[in-house]
Amino acid sequence: MTTLQQAIEQTKIAGNKAFVPYIMAGDGGLETLKPTILKLQEMGVTAIEVGIPFTDPVADGPTIEQAGERALAEGVTLRKVLAALASFRGEIQVPLVVMTYFNPVLAFELEAFAKACVAGGVKGLIVPDVPLEESAILRDTLNPHGIDIVQLVSLTSPPERIARIAAASQGFVYAVTVNGITGARASFADNLHDHFARLREVSQIPVLAGFGISTPEQVVSMGALSDGVIVGSAIVTALYEGNLEKVEALVSASKDAFQKSTL
């Protein structure tokens, strides 16, 4: 069992569903990265998804795209983010999952990137523009360093592809709960229960729900169907506005999700 998977399983044993907040590294300046991560882990999150700003974020909606633009304006890069993480590695107690696109990784050079991830305490990697069929290049380089490659599975994936993605994913399966890009949603499709049931049947590792989850009520409803949730745009907005009470409410809702779990 990998470090990332173990953290999720331990959360379940403790009577909670996993809660993974997404943050945009460098939104507000790179100096905000350390206090943000330390505050989130103090709140009891399971892991933290660290977004890297990129000029063409094809999977991201307006909120995260704008946060990335603010970070880019501050001169934030993948290399600088990993160096910043390494500078307070000893204080990081939860697994970090880097979310980036392939071009910055390729420019970094894969082996050098892997070593920088290790130095920064990174335990997982999400690269949404690298499809399953091309992902071996990431696993072959990152896995020897103890870094999981997390795969995304969409609502429109046929059953045979869902099974292949679940088998290839590491740490957890990232179950996208909407069709389209990231961003808050008022409602979700009616067939999500069946979708998650199919995922659970074929996955040997935890399944986390992400995309569109933005309220405590949605954390409860989506968490009840899965092993936990990933919340992005709502967290990014709350941090940008300095609204830590909203972040705390989202995190604490994962406990209610465990009580109402259908698993």
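Between which two helices does the loop that holds Glu-109 lie? The loop runs between helix H5 (102-108) and helix H6 (110-119). Before looking at that residue more closely, it helps to take in the whole chain, bearing in mind that this is a predicted model.

The protein chain contains 12 helices and nine strands. Its radius of gyration is 17 Å, close to the 18 Å that the globule rule gives for 263 residues, so the chain is as compact as a globular protein of that length. The C-alpha trace spans about 45 × 40 × 35 Å along its principal axes. Contacts tell us how the chain is folded back on itself: among those with a separation of 6 or more, 75% are made by residues 24 or more positions apart.

Next come the inside and the surface. Of the 263 residues, 55% count as buried. The accessible surface of the chain comes to about 11000 Å², and carbon and sulfur atoms hold 51% of that area. As for charge, there are 28 negative side chains and 19 positive ones, and the centres of these two sets lie 4 Å apart.

One helix shows how burial can be arranged. Helix H9 covers residues 192-202, and its buried residues are Leu-192, His-195, Phe-196 and Leu-199. These residues cover an arc of only 90 degrees around the axis, so they sit on the same side of H9. What do the buried residues of H9 pack against? Their partners include three strands' worth of segments to find in the model: strand S6 (151-153), strand S7 (173-176) and strand S8 (207-210). Helix H8 (159-168) and helix H10 (216-225) are also packed against by the buried residues of H9.

Strand S8 and helix H10 lead on to a detail of the backbone. Phe-211 is placed in the loop between S8 and H10. Its phi is near 85 degrees, a positive value in a residue other than glycine. Most residues other than glycine have a negative phi.

Glu-109, the residue from the opening question, also has a positive phi, of about 90 degrees, although it is not a glycine. Are these two loop residues buried or exposed? Phe-211 has a relative accessibility of 11% and counts as buried, because buried means under 20%. Glu-109, at 42%, counts as partly exposed, because that class lies between the 20% limit for buried and the 50% limit for exposed.

Key:
Residues numbered from 1 in each chain as written. Predicted model: local features only at pLDDT ≥ 70, side-chain atom pairs only at ≥ 80, totals over all residues. Heavy atoms only, no water. Helix = DSSP H or I, 4+ residues; strand = E, 2+ residues; numbered from the N terminus. Rg over C-alpha atoms; globule rule 2.2 N^0.38 Å. Buried < 20%, exposed > 50% of the residue type's maximum accessible area, 1.4 Å probe, protein only. Contact = heavy atoms within 4.5 Å. Areas by Shrake-Rupley, 256 points an atom, 1.4 Å probe, with all protein chains shown as cover. Lys, Arg positive; Asp, Glu negative; His and termini not counted. Charge placed at Lys NZ, Arg CZ, Asp CG, Glu CD. Arc of directions from axis to C-beta.
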